[in-house]
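User: I am new to this structure and would like a close look at one sheet in it. Could you take me through that part slowly, and then place it among the other parts?

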Amino acid sequence: MGAVVEALDGLRRTAQHAATRTSVVTLVVVAPDEARANRAADAVKRLAGRHPGRTVVVVCRPGAGAGLDADVLLHANEAEGRRVWSEDVRLWVSGPLGQHLDSLVEPLTLPDLPVVVWFAGAPPGPAEPLLAAADAVVVDTKEPAEAHLAAAAALDQRHTVLDLAWIRLRPWRTTLAGLFDVPTVRPFLGTVTGATVRGKPGARLLLGGWLVSRLGLPASAVTTEQARHAGIVLEAGDADRRALVTVVRTGDERVVRGRAEIGGRAVAEDRRALADDSMAWSLAEALTHLRRDRAHAEALQAALVLAASP
Amino acid sequence: MNPPDLDHNPLLDDLEVERRAPPCVLVVFGASGDLTTRKLVPALAALAANRRLSARFAVVGVARTRMSDEGFRARILEAVPKPSAAWERLVEGFRYVAGDYTDRETFLRLAAVLGEMDAELGTGGNRVHYLATVPDVFAGVASSLAEHGLNGPAAGGGFVRLVVEKPFGRDLPSAVALDDQLHRCFREEQIYRIDHYLGKETVQNVLALRFANSIFEPIWNRRYVDHVQITVAESLGVGHRGGFYETAGALRDIVQNHVLQVLALTVMEPPATIDAKGIRDEKVKALRAVDVLTPAEVATEVVRSQYGAGWVEGEEVGGYRDEPGVDPASRTDTYLAMKVRVDNWRWAGVPFYVRTGKRLPKRLTEVAMQFRGVPHLPFAPTDAEALGPNALVLRIQPDEGITLRFGAKVPGQAFRLRSVSMDFSYGAAFLEEAPDAYERLLLDAMVGDPTLFIRADEVDQAWRVVAPIQEAWAADAAPLPTYAAGTWGPAEADRLLHRDGRSWRSP
């Protein structure tokens, strides 16, 4: 590992970049294979210099024999008209070294800056040694959702967990919350009788868990349905006056549309554009807000209850 | 159905923004003017898009221009190219009152409209009156508001505030008179005087840099600082505002407010708390320590000038006196440079060189603190030829950030030294977009946080510094030096520093 650090220093000298770097984070990506490592590394590059620092991508290779290969790279991004340099290190690890990633990563962390560890495959178990070095853990509770959600919930007990799947759902949550900010719709917030959440397993369980934990709904009031895109349908009110509040994404549109109807008449609408690059956007959001999200933690617990419900 | 509880939306819990305005009506006097459409409306729209405005927020525009409510709403919507749905929803509740500010009917109608809004929209009797008008009508509008009971909360209401744009008077006597008149109608804690510089993130960052870090405070004084240069440079000319600028000049338009505010933040003592009273008390104390110049000192320590024709940013431009609305024999200062002394224990003997002007080579605002040299340089003089003094530069605009210049060894066999710069740029370190200054200030006015607004005694102190210069100039008929547009000012400004063995930075 000393050779890797020397190589990084050497790159800076030979590239004549004597100017100091602006670094805000050490991002460690642990990927189970090359494909996921490449996708993660591309997403980091697409942050376009907003969170410059050092990225260490660890690719776990199959094989029993101990092996370590490394590659180091300096790259520049234009940000606000200035060149911002970031450092990329890729480590290919095999054999027993895979159980001691912390010893490989520690020498590469930038001093005095947060260390964020992104598990680009499944969330780790609580005994993962690398967790001890992490100021925050990034996961993506996509599929298989229930296992990932359970792992994330366990991690959340002791670590700051940033779930990209949860962050990607923010436009839906913000749209729904905003519809209930409309004065004529607000009274129905306390009279929600049922919710249908749609989407892929992880998304619909997280959304359902969010509604249960925020609105105090019983799990039995939430129906989940498989769908291509996430969507929320809330029914509220009483026999005299019913409200229907929906947040949906249709087709290939990169737009989330919200609508509130009272008595069958539309009273509020909203639309929110989705980021073209949702992976880079959600990663950027995660790195910006390096703090525990209480609503996420509660939604996770409620999502597990929903997942276990018949 | 029960009245809605609009105070807590649990779906917003983790999405909750840290500051949100309470229900209120923003009454904008001068609503048909440039400031409203160019600055206030876009700022309000941004606040709405970021969910920082209450669902029970509305605007009432007041101006002489004849317009219906619908016409006003259309004008508001035109001022924002891509309005959010939240903004469009809010605009539906906006109203307009056309009338003369001297006409009682105007204020009777305004009072009626405000009452209707409280009933229909639930704005709760809270008002922020924003004077986006010419200064001449400030006092009259304030008096009319008081006369019609609009200077205090309505029954059950929480607050009424008055926001006043600069300039606060033309000189010390007029500033005092204006304040007297405002104070007859509003309490000081209701009055929010805007200097939009204080709404800039980077100006606020001066406080963060100085008071959140232990490493700078020990050297932030006369023992280590050789001098400070404050530059507020604009590349633009006066444009179509020549008529207004003829009544202002650089001293009134920039030095009396923006420059002295930045100076105050740079020289002030650490406050016990970062709140309105804590910060403003220390700013006033700092301004009180600024030495007032005698007429003889004005002649030697202050340079005023006017831009002539030249080239700026690749474009050939005319001189100030050729601008529309400007007297061909004008003596208005478009440039000012001066040496300021701050007479207290921390800064005695440290000169503060200030310069501001129009049609300078580029637009920038910075505070550059240059430090004294080491007491003894043990290196060979030939090895240290390229070594300059340490400097800490606060870049306020553009490319907001901080630069620290220090000496380092040039790699190689010899022991040569040169200066290098370490840069922190906001744009490269933070994803969050800084709010526009008006977004910040409008929200603060509605929330009721006066920290970034100017208190009456600050205005007095700023005029105290500027007044002797105005008086000396009034008695001085000597020709004004000029500088070519696109240069950093007249030779007289260079001599101001050369006399002290110093020179202006090239920012």
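Analyst: In strand β9(A), T224(A) is the bridge partner of V197(A), and this pair belongs to a parallel pairing in which β8(A) and β9(A) are held together over five bridges. Strands here are DSSP runs of E of at least two residues, helices are runs of H or I of at least four, and both are numbered from the N terminus; two strands pair if DSSP finds at least two bridges between them. The model is a predicted one, in which local features need pLDDT of at least 70 and side-chain atom pairs count only at pLDDT 80 or more, while totals for chains, interfaces and linings use all residues. Residues are numbered from 1 along each chain as its sequence is written, and chains are lettered from A and ligands numbered from 1 in the order in which they are written.

Next to β8(A) comes a pairing in the opposite sense, since β8(A) and β10(A) are antiparallel, with six bridges between them, and here R198(A) stands opposite G231(A) of β10(A). Strand β10 (residues 231–237) of chain A is in turn joined by seven bridges to β11 (residues 242–248) of chain A, again antiparallel, where I232(A) has V247(A) as its bridge partner in β11(A).

Put together, these strands are part of an open sheet of six strands in chain A, with mixed pairing and the order β9-β8-β10-β11-β12-β13. The edges are β9 (222–226) and β13 (265–273) of chain A, each of which has a single partner strand, so one side of each is left without a neighbour in the sheet. From one strand to the next the twist averages 10°, where angles run from 0 to 180 degrees between N-to-C directions, and axes are lines fitted to C-alpha atoms, for helices over the stretch in contact.

Two helices of chain A accompany this sheet. Helix α6 (residues 170–179) of chain A packs on the sheet and touches β10, β11, β12 (255–262) and β13 of chain A, its direction making about 25° with that of β12(A). Helix α7 (residues 201–215) of chain A lies across β8 (192–199), β9 and β10 of chain A, and runs at about 160° to β8(A). Contact means that the C-beta atoms of two residues, placed from the backbone, lie within 7 Å.

As for the wider chain, the domain assignment of chain A gives domain 1 (2–134) and domain 2 (168–308), bounds that come from an automatic or database assignment. The centres of these two domains of chain A, taken over C-alpha atoms, are separated by 35 Å, and eight residues of domain 1 of chain A are in contact with seven residues of domain 2 of chain A. On the domain 1 side of chain A, the residues that touch domain 2 are five nonpolar, one polar and two charged; Ala, Val, Leu, Ile, Met, Phe, Trp, Tyr, Cys and Pro count as nonpolar, Asp, Glu, Lys and Arg as charged, and the others, Gly among them, as polar.

Confidence should be kept in view as well. Chain A has a mean pLDDT of 84, with 91% of its residues at 70 or more, pLDDT being the predictor's confidence in each residue, from 0 to 100. Over residues 16–20 of chain A the pLDDT is below 50, and beyond near neighbours in sequence this stretch has three contacts in the model. Where pLDDT is low, the predicted coordinates should not be read in detail. Chain B averages a pLDDT of 90, and 95% of its residues score at least 70, while the complex is given an ipTM of 0.74 and a pTM of 0.75 by the predictor.

Chain B also holds a sheet to set beside the one in chain A. This open sheet of nine strands has mixed pairing and the order β16-β15-β14-β13-β7-β12-β11-β8-β17 in chain B, with β16 (417–425) and β17 (482–484) of chain B as edge strands that each pair on one side only. Its twist averages 20° from one strand to the next. Within the sheet, five bridges join β14 (residues 391–397) of chain B to the antiparallel strand β15 (residues 401–409) of chain B, and A391(B) has R405(B) as its bridge partner in β15(B). The loop between β14 and β15 of chain B contains P398(B), and the peptide bond from Q397(B) to P398(B) is cis, with omega near -15°. Helix α9 (residues 249–267) of chain B lies across β7 (225–233), β11 (335–341), β12 (351–357) and β13 (364–371) of chain B, running at about 140° to β12(B).
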